[in-house]
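Subject: A structure to look through, with notes

Dear colleague,

I am passing on a structure that you have not worked with before, and below it you will find my notes on what turned up. Please read them with the model open beside you.

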Amino acid sequence: MAYSITYIYKDLTNQNQLLTKTNLKMKKAFHILAAMLTSSFAFAQDETETATSPATTWGGSADAYYKYDFSKQMNGLTSFTNSQDSFELGMASVEASHTFGKASVFVDLGFGKRAGEFSYNETTDKDINAKFLIKQLFFTYQITEEFKVVAGSFGTHIGYEVLDAVDNKNYSMSYAFSYGPFFNTGVKAQYTKGKFTAMLGITNPTDFKSAMDAGSSQKTYIGQLGYIGETGSAYLNFTTGSTNPTPGSLVVPSDENKTQFDLTASKTISDSFGLGFNATYAKSKNDFDSTLDGEWFSLVGYANYSFKPSLLLAYRIEYFDAKDAAPSLGTLTGTSVFANTVSLNYKVGKLTIIPELRYDASSEDIFLDKDALPTGGSFYALIATTYSF
């Protein structure tokens with residue numbers, strides 16, 4: 001009987017040990033399974049997050065204006081405001097951008113007369129208002145946080161003013177903008193370190209999206225050195241090479257090359273007051289006829305005073321010297337112009353209303369008076385509206 005009790009006790013003990021080992025094995029298996037499921041879920045979640053693409057960012061702007069020249073003539077010699085006693089549509093723009101990883105793309109489409117004049121090598125007088133044009137289209141690859149490569153068609157780095165009216169304080173454009181480059185199509189590399197930036201690039205002939213359309217195998221070389229501080233910035237810009245047709249001309253000259261040096265700077269004096277400056281020098285050279293060589297320069301100053309967030313006064317003063325310019329500069333060749341522009345910016349949400357007065361005085365009689373006779377001055381008023389979205 002004692003033997004049986006002992007046997008039964010040992011048997012129960014062995015069973016308990018077996019159950020304990022089994023439970024431990026089951027617990028271990030459960031932990032392994034849980035870890036596998038957790039890892040698989042995390043991996044699947046990472047895969048889903050990696051595959052999910054960020055949303056496309058959309059934006060755009062539009063502008064229109066009415067201009068009245070007190071001489072009752074079309075005296076405009078700068079870009080985008082060559083009209084008289086007429087309500088004019090400027091440009092409607094639609095922009096889209098998308099970034100995924102280190103790569104991004106930016107698409108900027110323009111529709112209207114302003115876009116047509118900007119892309120003057122792609123339009124004619126007949127269809128300048130009727131074409132939907134690619135203003136900019138470029139791809140960016142961010143190799144490191146400091147170094148990136150951009151390829152495509154992009155607005156010029158030369159000058160203080162830009163194409164889109166919504167980004168300027170004065171609606172009319174300076175001579176420096178109007179007779180400088182508008183855009184480049186090619187590739188550029190940009191390096192940014194702290195407050196300093198540098199850019200070098202090679203592109204098609206200036207203002208051509210296709211070298212085939214330019215009828216030239218020449219290339220344009222571009223460069224920039226920049227400093228961006230807490231209350232101001234300065235950029236030294238450079239472009240050389242290519243054919244560079246006169247803005248507004250639909251004839252493709254293939255003999256003229258151009259080199260331009262350009263300095264832009266801005267400074268915030270206070271929350272209400274800011275200053276800007278642009279100095280630019282351009283030299284053109286004809287490949288076959290030195291009598292067609294020439295040079296011009298421009299000095300432009302900007303002052304902006306904000307009375308309140310919705311009301312700003314902008315003043316621009318410019319001295320444009322084309323006394324030694326090449327014949328390709330047209331009416332301005334052999335003269336100099338002193339231009340003054342005063343613009344009021346009144347903002348109502350995204351809408352900006354811009355009343356503007358402008359007086360240009362020339363050393364030669366390049367404008368027309370009320371009797372359509374040559375005169376040395378031009379005085380006009382305009383009111384413009386811009387809207388961003």
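Two strands are said to pair if DSSP finds at least two bridges between them, and with that in mind Lys 347 can be placed opposite Thr 352 in E15. Please keep in mind throughout that this is a predicted model.

To begin with the chain as a whole, there are four helices and 18 strands, and buried residues account for 40% of the 389 residues. Of the contacts between residues at least 6 apart in sequence, 56% join residues at least 24 apart.

I would start with strand E15, which covers residues 351-362. On one side, E15 pairs with strand E14 (residues 336-348) in the antiparallel sense over ten bridges. The hairpin of E14 and E15 has two residues between the strands, and in this hairpin Gly 349 takes a positive phi near 65 degrees. E15 is also joined by eleven bridges to strand E18 (residues 377-388), again with an antiparallel run, and Ile 353 has Thr 385 in E18 as its bridge partner. The residues of E15 divide between two faces: Thr 352, Ile 354, Glu 356, Arg 358, Asp 360 and Ser 362 form the covered face, while Leu 351, Ile 353, Pro 355, Leu 357, Tyr 359 and Ala 361 form the uncovered one.

Arg 358, on the covered face of E15, deserves a closer look. Is Arg 358 buried or exposed? Its relative accessibility is 1%, and it therefore counts as buried, since the cut-off for buried is under 20% relative accessible area. The side chain of Arg 358 makes a polar contact of 3.0 Å with the side chain of Asp 360, a residue of the covered face as well. Once neighbours within four places in sequence are left aside, Arg 358 is in contact with Thr 78, Ser 172, Met 173, Tyr 175, Arg 316, Ala 339, Asn 340, Thr 341, Ser 378, Phe 379 and Tyr 380.

A further set of paired strands involves E11, E12 and E13. Strand E11 (residues 273-286) and strand E12 (residues 294-308) pair in the antiparallel sense over twelve bridges, and Gly 276 stands opposite Tyr 302 of E12. E12 is in turn joined to strand E13 (residues 311-321) by eleven bridges, with the two strands running antiparallel; here the bridge partner of Tyr 305 is Leu 313 in E13. The hairpin that joins E12 to E13 does so through two residues.

Tyr 302 also appears in the lining of a cavity. The count of cavities of 30 Å³ or more comes to five, and the second largest of them holds about 60 Å³ of space. Among the residues lining this second largest cavity are Thr 156, Ile 158, Tyr 160, Glu 161, Phe 177, Asn 278 and Tyr 302, and its full lining divides into six nonpolar residues, five polar and one charged.

Thr 197, in strand E7 (residues 196-203), is buried because its relative accessibility is 8%, which falls under the 20% cut-off. Its side chain makes two polar contacts that I noted, one with the side chain of Gln 190 at 3.4 Å and one with the side chain of Thr 192, also at 3.4 Å. Not counting residues up to four places away in sequence, Thr 197 touches several others, including Tyr 191, Gln 224, Leu 225, Gly 226 and Tyr 235.

Finally, there is strand E1 (residues 57-69), where Gly 59 is placed. Gly 59 is buried, with a relative accessible area of 13%, and its C-alpha atom is separated by 7.6 Å from that of Ser 388, although the two residues are 329 apart along the chain. Apart from neighbours within four places in sequence, Gly 59 is in contact with Ser 93, Val 94, Glu 95 and Phe 389.

The loop between E1 and strand E2 (86-100) contains Lys 72, which is not a glycine and yet has a positive phi of about 60 degrees; Lys 72 is exposed, with a relative accessible area of 53%. Asp 85 is placed in the loop between E1 and E2 too, and has a positive phi of about 50 degrees, again without being a glycine, but at 46% relative accessibility Asp 85 counts as partly exposed.

With best wishes

Notes
Residues numbered from 1 in each chain as written. Predicted model: local features only at pLDDT ≥ 70, side-chain atom pairs only at ≥ 80, totals over all residues. Heavy atoms only, no water. 1 Å grid on protein atoms, 1.4 Å probe; cavity = no way out; pocket = protein on both sides within 12 Å on 5 of 7 lines; lining within 4 Å. Points joined across faces, edges and corners; volume = space filled by probe spheres on them. Nonpolar A, V, L, I, M, F, W, Y, C, P; charged D, E, K, R; others polar. Buried < 20%, exposed > 50% of the residue type's maximum accessible area, 1.4 Å probe, protein only. Polar contact = N/O pair within 3.5 Å; in protein donor to acceptor, adjacent residues only side chain to side chain. Contact = heavy atoms within 4.5 Å.
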